[in-house]
Amino acid sequence: MTKRVLSVGQCVPDTNSLVRFLTSNFNVEIDQSDVEVDTFEKMKKQSYDLVMINRKLDADYSDGIELIQKIKESSEVKSSRLMLVSNYPEYQQEAVQAGAEYGIGKNEYQNPETVEKLKPYLG
């Protein structure tokens, strides 16, 4: 069964790396969003198995953890698992406190452990 992922706020090179990693390891369809407004519009229409939010959204450099908080507080969006994309453990902890799953860093795409970490959501 194909899983649905929403990638939020990644720059072009990071988007390419994330898409390559996810499609090489999972049966997924990936939508993309650059800013908060677009993210909310997509999440109102579609439930995602996983929403992967960059720590700093590339388009406007807004804060990914703040976006996680807004999504969690919103009754307008469909229920989805949220995950921060960041190499920094302290930001991962903040994201978890905001209601996200403990995420992954973009430097972890080559690690077999990363695939195992995502299997509960995408496997």
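A residue is taken as buried when its relative accessible area is under 20%. In this predicted model, Phe21 has a relative accessibility of 6% and therefore counts as buried. Tyr109, with a relative accessible area of 9%, is buried as well.

Phe21 and Tyr109 belong to the aromatic pairs of the structure, which number 2. The rings of Phe21 and Tyr109 are stacked, with a centre-to-centre distance of 5.1 Å and an angle of 15 degrees between the planes. This pair links distant parts of the chain, since its members are 88 residues apart. Phe21 lies in helix α1 (residues 12–25), whereas Tyr109 is located in the loop between β5 (101–104) and α5 (112–122).

The pair formed by Tyr88 and Tyr91 is edge-to-face, because the planes of the two rings stand at 85 degrees with the centres 5.9 Å apart. Tyr88 is partly exposed, its relative accessible area being 44%. Tyr91 is likewise partly exposed, at 26%. A charged side chain accompanies the ring of Tyr91: Arg55 lies over its face, at 4.2 Å from the ring centre.

Strand β1 (residues 3–8) is largely enclosed by the rest of the structure, because 5 of its 6 residues are buried. Strand β1 runs parallel to strand β2 (residues 28–33), to which it is joined by 6 bridges. Within this pairing, Leu6 is placed opposite Asp31 of β2. The connection from β1 to β2 passes through α1 and constitutes a right-handed β-α-β crossover. Helix α1, which forms part of this crossover, is also the helix that contains Phe21.

Strand β1 is additionally paired with strand β3 (residues 50–54), again in parallel orientation, through 4 bridges. In this second pairing, Leu6 stands opposite Val51 of β3. Leu6 thus faces Asp31 in β2 and Val51 in β3.

The surroundings of strand β1 may be illustrated by one of its residues, Ser7. With a relative accessibility of 4%, Ser7 falls under the 20% limit and so counts as buried. When residues up to four places away in sequence are not counted, Ser7 touches Leu18, Ile30, Asp31, Gln32, Ser33 and Met52. Among these contacts, Asp31 is the residue of β2 that stands opposite Leu6.

How values were computed: Residues numbered from 1 in each chain as written. Predicted model: local features only at pLDDT ≥ 70, side-chain atom pairs only at ≥ 80, totals over all residues. Heavy atoms only, no water. Phe/Tyr/Trp six-rings, centres within 6.5 Å; stacked < 30°, edge-to-face > 60°. Helix = DSSP H or I, 4+ residues; strand = E, 2+ residues; numbered from the N terminus. Buried < 20%, exposed > 50% of the residue type's maximum accessible area, 1.4 Å probe, protein only. Lys NZ or Arg CZ within 6 Å of the ring centre and 35° of its normal. Pairing = 2+ DSSP bridges. Right-handed = clockwise from strand over helix to strand, strands pointing away. Contact = heavy atoms within 4.5 Å.
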